[in-house]
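The following exercises concern the structure shown below. Each task is followed by a worked solution.

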Amino acid sequence: MERQDRGLAFMLQYENIAWYDNGEVRILDRRVYPGTIRFEVCKNHVEVTKAITDMVTQSAGPFTAAAMGMALAAWECRDKNEKEQMEYLTKASETISHARPTTVARMKRITEGCLPVAEKALAEGKPVPEAIVAHAVEANDLRYYKVGRIAEYLVDMFPDKGTVMTQCFAETIVGQMLKVAKARGKDIRLVCPETRPYFQGARLTATVAHDMGCDVTVITDNMPAFYMKKEGVDLFTCAADAICLDGHVVNKVGTFQLGIVAKYMGVPMFVTGAPDPGHPTVDTINIEMRDPEFPLQAMGVRTAAEGVKGWYPSFDITPPHLISGIVTDRGIFAPYDLKRYFADEPMGRFEMIV
């Protein structure tokens, strides 16, 4: 399969997400992009884990970083015997996969998926780090390809000259849906709420859209309802950090209220991704609570008085009755009918990494 990141924006190129080379992992620091193009350099897998925890990379970026972190772990233990190397990599897998509590299940599929690759490379006398990198590229190619299929179904829902609102930074699907829309001649406008406190919508989604030649407008997080009423929005779409089999969607905090507004305004809401069998019900979700001081500033400038309290859940949960459809690589499903996603064919190797 040819590289699936070709033709996409700068920050969607694999090497510009996270990349292992010669005993280090370089991760594009999305906390400061696009104002500054800076790469965090990690010298061991614990530093990769910390970079993921500290939001150096976000959206689907941690999934690439996790695999590259496993390649780095393989380099760290290269002088040990085979048994010790596998023990070291197993521990590294556990460490990296727990970088952020809400995505542990998905991260484990990635890090644990590197273990048989390492075992095979060791048996064949091949360099383990390079084998894991090749595996990570293959995984990304398959994921990008699958997301491209999702984009085809999603763009079916776009009018030819419509306005689409997004939430946060949906990574690969943003690039793929814009690529598909352009290929079909659908001249869409994209509207991005800023997505505080990291401003991923303003900095990341809008930059990718602009880089790909799309008409894009940034609004603050308290404007979506009035924008929908005054300017008109044809469709609201977001990705998800987890899609439970009971139809509940976990995504960047703010998605729930956008779903409520969209429902009230008669705007369809389509969520992209694959349902997660690791989350049969919403009760299995652990919402990550982050530093409460962080919402009291904006891009490093404090906006609240000293002594004022903050509150910062990274994600919220949108119930299924607000969602028009879950857009997958196998078509669009009602949120109450997600088990049917698994009915026609078994899960693939990289099935859930979307």
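Buried means under 20% relative accessible area, exposed means over 50%, and partly exposed lies in between (1.4 Å probe, protein chains only). The model is predicted, so local features need pLDDT of at least 70 and side-chain atom pairs count only at pLDDT 80 or more, whereas totals for chains, interfaces and linings use all residues. Residues are numbered from 1 along each chain as its sequence is written, and side-chain values use heavy atoms, with hydrogens and water left out.

**Exercise 1. Salt bridges**

Task: Determine how many salt bridges the whole structure holds, and classify the accessibility of R149 and D329.

Solution.
Step 1. The criterion is a side-chain nitrogen of Lys or Arg within 4 Å of a carboxyl oxygen of Asp or Glu. A search of the whole structure on this basis returns 25 salt bridges.
Step 2. One of them pairs R149 with D329, with 3.8 Å between the closest N and O atoms. This pair links distant parts of the chain, since R149 is in helix 5 and D329 is in the loop between strand 14 (325-328) and strand 15 (331-333), 180 residues apart. Helices (H or I, at least four residues) and strands (E, at least two) are DSSP runs, numbered from the N terminus.
Step 3. R149 is partly exposed because its relative accessibility is 30%. D329, at 3%, counts as buried.
Step 4. D187 and K161 form another salt bridge, their closest N and O atoms being 3.5 Å apart. D187 is in the loop between helix 6 (172-183) and strand 5, and K161 is in the loop between helix 5 and strand 4, so the pair ties together parts that are 26 residues apart in sequence. D187 is partly exposed at 48%, and K161 is exposed at 68%.
Step 5. D29, R31, R38 and E40 are joined into one network by salt bridges that share partners. Within it, R38 and E40 have their closest N and O atoms 2.8 Å apart. R38 is partly exposed at 35%, as is E40 at 23%.

**Exercise 2. Cysteines**

Task: Establish how many disulfides the structure contains, and explain why C192 forms no bond with C214.

Solution.
Step 1. A disulfide is a covalent bond between the sulfur atoms of two cysteines. The cut-off applied is a pair of cysteine sulfur atoms within 2.5 Å.
Step 2. The search of the whole structure finds 0 disulfides. C168 is in none, as the nearest cysteine sulfur, belonging to C238, is 9.6 Å away.
Step 3. For C192, the closest cysteine sulfur is that of C214, and the separation of 8.0 Å is too far for a bond.
Step 4. C168 is buried, with a relative accessible area of 9%; C192 is buried at 0%.

**Exercise 3. Strand 5 and the loop that follows**

Task: Describe the setting of L190, then locate the backbone features of the loop between strand 5 and helix 7.

Solution.
Step 1. L190 belongs to strand 5 (residues 189-193). With 0% relative accessibility, L190 is buried.
Step 2. Contact is defined as heavy atoms within 4.5 Å. Apart from neighbours within four places in sequence, L190 touches V164, T166, M177, T205, A209, C214, D215, V216 and T217.
Step 3. P197 lies in the loop between strand 5 and helix 7 (200-211), and the peptide bond from R196 to P197 is cis, with omega near 0 degrees.
Step 4. T195 is in that loop and has phi near 65 degrees, a positive value in a residue other than glycine. T195 is buried, at 1% relative accessibility.
Step 5. F199 also lies in the loop; its phi is positive, near 60 degrees. F199 is buried at 12%.

**Exercise 4. Helix 2**

Task: Compare the expected and actual span of helix 2, residues 61-76.

Solution.
Step 1. The expected span is 1.5 Å times one less than the number of residues.
Step 2. For the 16 residues of helix 2, this gives 22 Å; the end C-alpha atoms are 22 Å apart, which agrees.
Step 3. Of these 16 residues, 14 are buried, so helix 2 is largely enclosed by the rest of the structure.
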